[in-house]
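Biologist: I've got a model open on my screen and I'm a bit lost. Could you walk me through how to read it?

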Amino acid sequence: MSGEKISRRRYLELTAAAVGGLAVGGIVGYSLRKPEVMPPGPAPTHSMVMIIGGFKPDVVRENIAEFDREWSIPMDKRTEVQSLSGDLTVATETKLAAGAPVDICYSYPYATTTWSKAGWILPIDDIKKTDIVPYDMSEIKGKLYPVVVEAYSVEGKLYGLPYYVSDYGCILTNEELLAKAGMSDDYPTTWKELYEKVEVLAKKHIVDYPLLPSWYNEPFGIPWAFVLEVINQGGNEAMWAKEYPHGPTFDVGTLAEEVLKDWKNAWDNGWVPKGVLTMKQTDFLGEFATGKYFYQVNAEYYLGYMNDPARSKIAGKCSIVPPKKQPWGLLDSAIYSLVNRKDRKDKDLEFAQALLEFLGYKNRYGQYYVGKRWAILEFLKTMPEVLEDPEVKAIWGAKLYRVEDLDTVNKLLSIVQIPLAWKAPWYTKWNTIAQSELPLALTGQKSIKEVIKTLRDKAEELSKSG
Amino acid sequence: MINKKKIIIAIGCFLLILWTLTPIYWLFNISFMYHAEAYTSPAHFFPEKPTISNYLRALGFSAYNELSGQIEGPAGYPVKEGLINSAIVATAVAIITVIIASPAGYVMGRLKLPRKNLLLILLLGSRTLPPVAVLIPFYVIGLKLGFVGNIFGLIIMHLSITIPLMTWILMGFFASLPIEVEKASRVDGCTRLQSLLYVVFPMASSGIVAIGLLSFLISYNEYLFAWVFTQGTPAVTLQPVLATMWFMIGELNIMAAANAMGLIAPTIICIVFQKYIMKLRIVDPVSIVIR
Amino acid sequence: MFTKRLTDAQVGLLLLLPLIFLLFFLNGYPLVYSFWLSLTNYDISRGTSDFIGFLNYYYLFFNDPYFLNSLRVTLHFAIEATIISTLLGLGIALLLNENFRGRGLIRTLVLLPWAFSTYAVATLFRYFLAQNVGFLSSLLYTLGLTKEMVNFLTVEHAIDFVALAFAWNIAPLGAFFLLANLQVIPEDLFRQAKIDKANVFQRFRYVILPFLKHPLIVTLILNNLFSVTETTLILILTGGGPGVSTQTLSYWAFAQSFINYSFGYGAAISWVLVLIANVIGLTYFLIVTKLR
């Protein structure tokens, strides 16, 4: 039994004094109560429970309220949303292991492997349309991003529907600056080309630092930047073994070392701001929004942030580099999982399945209600079709640099890679170590070979001990 | 000579003001900016488009954003509740600590126990364990005793921090007060209690008030226990709220506004206290006490 | 009368005893628990919780490459932060002890940094010191003193800036405590010193210092205590970075427990920290007591 965190969104939910919530399963519950009179109809025998983390709980509660409204859930059986504090995976796992009554929870690639084997979450392939469950899973499965099926299937069975699917590690551009440098539409097609273009831009001395790489001090900052740059260029095989538990294949003298060399080169040449090593995510975002960089390595959904005039100076001028010769970035996502709740009676399971479909697919009226909300509010994606929705296109088309960027994002998401090691429980510890080790290669406190060797040895040790 | 002294004092004051106020000015500067302006390089020393929207949004209202021309909703953090709860808890802690630590400090200060200093150093030494390490056992105790989720538990936890600390500080303070005045009052016919209340405590009042102020601030600024015991509940205090704002994709300008509002209570306390200490100027013709 | 006094004091002690017991328990239980924890390999993410004796400590001292670094950083930070805070506090107290116009206003101002919580100070100084959007670097750049935006939080100097932020926050505590003690010094002594034509330094040594010895010890010990156990400031200001250059023992213990979930190991580091904190505190105590 292990619970380790990987997804970026999960790290956002990590808070300082986690222990209280972890060690004793300290949990806080909220209930949404709206005094309304509902017509009688089929109803669950108890309130359904969804556990979430700290990201936008208000939006989640509004979504759930909509579900209760659509299904005319009586007031005393309203669906409950519990916001857990601390590390979400560990807190969720504590609850699941204790057999607490939960219907829906968030799940991540490695958690899916462990929790499905423990029998805490249910496979969803066999969900059939009934008078309560609106859709057949066969209809839904074909519409998902392929990587979702890959990341969240265990032994061929799918264990949830997407909460969000995003690509972390794309190249965001500042089109205004690029135009000034005469390099509009001259996008790099590989990581090596990116550094070449950065070198050219640096010589023009238009800004102090042409590139803002994802080397900031968060678990999803510098370690992810490293992993994605390697697997984008060399495939998953360049980092990990194909078979579980996906031990390390990288070593001194392989692509991994090349990547660090590229990094050190950029650092020494002054193409990147040295303060990036102590930045946190808020700073990292704000920095690019100052408009003083040509490129930033970031998640594609920050196109929303960068094009928002309330938050960014480059609103309307931020675009994204399409994938041509290689994919960009890695998969950052989570799913809604159906929990194997023991005290279900009558139609409770079907209501839970309906809730799952409401959240991860469409509401009972055939609309992508939740998916569209996330897309419009936060530019988060769930399914390819959501991005093709005319309303979404209209809203984002107006904000983005060009409306074709939506297609670029769709393309990026359809070929995004998932680091294989994320399906194994040992990865998180390695990630934390990488977070401290990688900067040492940049600042010169350790040589590149030493850092690669340490990372490899640690990965071996951790993957063998499980 | 006098002029030289005045100049030195003036320079000292100027530097002190600069040192103290510059970061505070920066906090307020950011708190009045829109998000986009807060991230400008090089930074603006004065908001070009000043706004109070951050304060409004932190308190739970919606506000108009000039830059985007849209109304932005409330920030979504219980800042208002946090402010109120923090003020209540800190006040209670301060009052109770003064009531308990003053006589305790007096007894410790006057008592002729062998190895008393050692005892107290041990007590203080035990506090060197980083709070982080004691979180789990405290949470377990707290849960069993019903401390979680209400302010009473938090008050007691804070008292466990302030009382030993303040007793320790007051101990030295009481010990350095001239014993003769006390003895004199006893000779004049005061009972022990009267001597304590009417002679000793007034003499030590600057110290006692100091302790009260300290306890208030320690409790107000304490975040670890506040986090564990009140996070997510209606009893949440300010520091956990600020922490949550930091760990999510914080909007720096709203955080600055929340922090600025959090300064109101401590500032008032500081002003009140400061006036008090101005009144105190103990003139004692009796001999010096050297520790 | 003397006998009666002792008895009264003993009564006082008896009244205090339950309080003392409660406090020892509230302090003692976590101490014992965390010590026990340090003898296990309790790790939530791996699901282990076996008793392993002193293995954690063995690994810490002999096998962990980060230990010496953390030790060095901790000592660097604790000593620097304590001394800066205390000297600053002393200077402020001496200044405010003088009578001048506007003293009341300045006294209030001086207390403000202490009114900030650690979170507030940390976030504040992050944006004060930020490379591209911070106040200091913007000021230097706009005034033309530097050609590019300065990065203050470098590998070599990040810890110094953390110490400065810490001193900014904590110094008023000591200042105000020392001031309260300065105010108790009888006027007569100052008059006497003037008559004896004592200069500033002699006045400080013979009139002021005797009264300040105990408060100075208290201030040094408190500042030391706070600096050695400071975790939040580092967490928010630098996250232990860049690299591990601001990873003090307290931050490291925190990171091991709450980011790595190795509570056993984190507890072991905490206990090493306790040892060091007490050693430093004792050293200050001895030094200042010997000071004459």
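Modeller: Sure, we'll go chain by chain and then look at the core. Keep in mind that this is a predicted model.

Biologist: Let's start with chain A. How many helices and strands are there in chain A?

Modeller: Chain A has 20 helices and twelve strands. Its C-alpha trace spans about 70 × 50 × 40 Å along the principal axes.

Biologist: What does the radius of gyration say about chain A?

Modeller: The idea is to set the value beside what a compact globule would give. For 466 residues that would be near 23 Å, and chain A has 22 Å, so the two agree. Buried residues make up 57% of chain A. Of its contacts with a separation of 6 or more, 77% join residues 24 or more positions apart.

Biologist: Can we try one residue? Is A:Phe220 buried or exposed?

Modeller: You count C-beta neighbours inside 10 Å, and 20 or more means buried. A:Phe220 has 25 of them, so this residue counts as buried. You'll find A:Phe220 in the loop between strand 9 (211-212) and helix 10 (222-234) of chain A. From A:Glu176, A:Phe220 is 44 residues away in sequence and 28 Å away in space, C-alpha to C-alpha.

Biologist: On to chain B. Which domains does the assignment give there?

Modeller: A domain assignment splits a chain into stretches of residues. For chain B these are domain 1 (2-72) and domain 2 (79-279). Their contact takes 14 residues from domain 1 of chain B and twelve from domain 2 of chain B. On the domain 1 side, helix 1 (2-31), helix 2 (35-38) and helix 3 (53-58) each supply at least two residues. By class, that side has nine nonpolar, four polar and one charged residues. Chain B as a whole comes to 14 helices and two strands, and 50% of its 291 residues are buried.

Biologist: And how is chain C divided?

Modeller: Into domain 1 (1-28) and domain 2 (65-290). The centres of these two domains of chain C are 34 Å apart, taken over C-alpha atoms.

Biologist: Last one: which residues touch the most other members of the largest nonpolar core?

Modeller: That core has 326 residues, and the ones touching the most other members are A:Leu172, A:Leu211, A:Leu355, B:Leu242 and C:Val162. Helix 7 (residues 158-182) of chain C gives the most to this core, with 17 residues. Leaving aside neighbours within four places in sequence, C:Val162 is in contact with residues including C:Phe77, C:Leu233 and C:Thr246.

Key: Residues numbered from 1 in each chain as written. Chains lettered and ligands numbered in written order. Predicted model: local features only at pLDDT ≥ 70, side-chain atom pairs only at ≥ 80, totals over all residues. Core = buried A, V, L, I, M, F, W, Y, C linked by C-beta atoms within 7 Å. Buried ≥ 20, exposed ≤ 12 C-beta atoms within 10 Å, placed from the backbone. Helix = DSSP H or I, 4+ residues; strand = E, 2+ residues; numbered from the N terminus. Contact = placed C-beta atoms within 7 Å. Nonpolar A, V, L, I, M, F, W, Y, C, P; charged D, E, K, R; others polar. Rg over C-alpha atoms; globule rule 2.2 N^0.38 Å.
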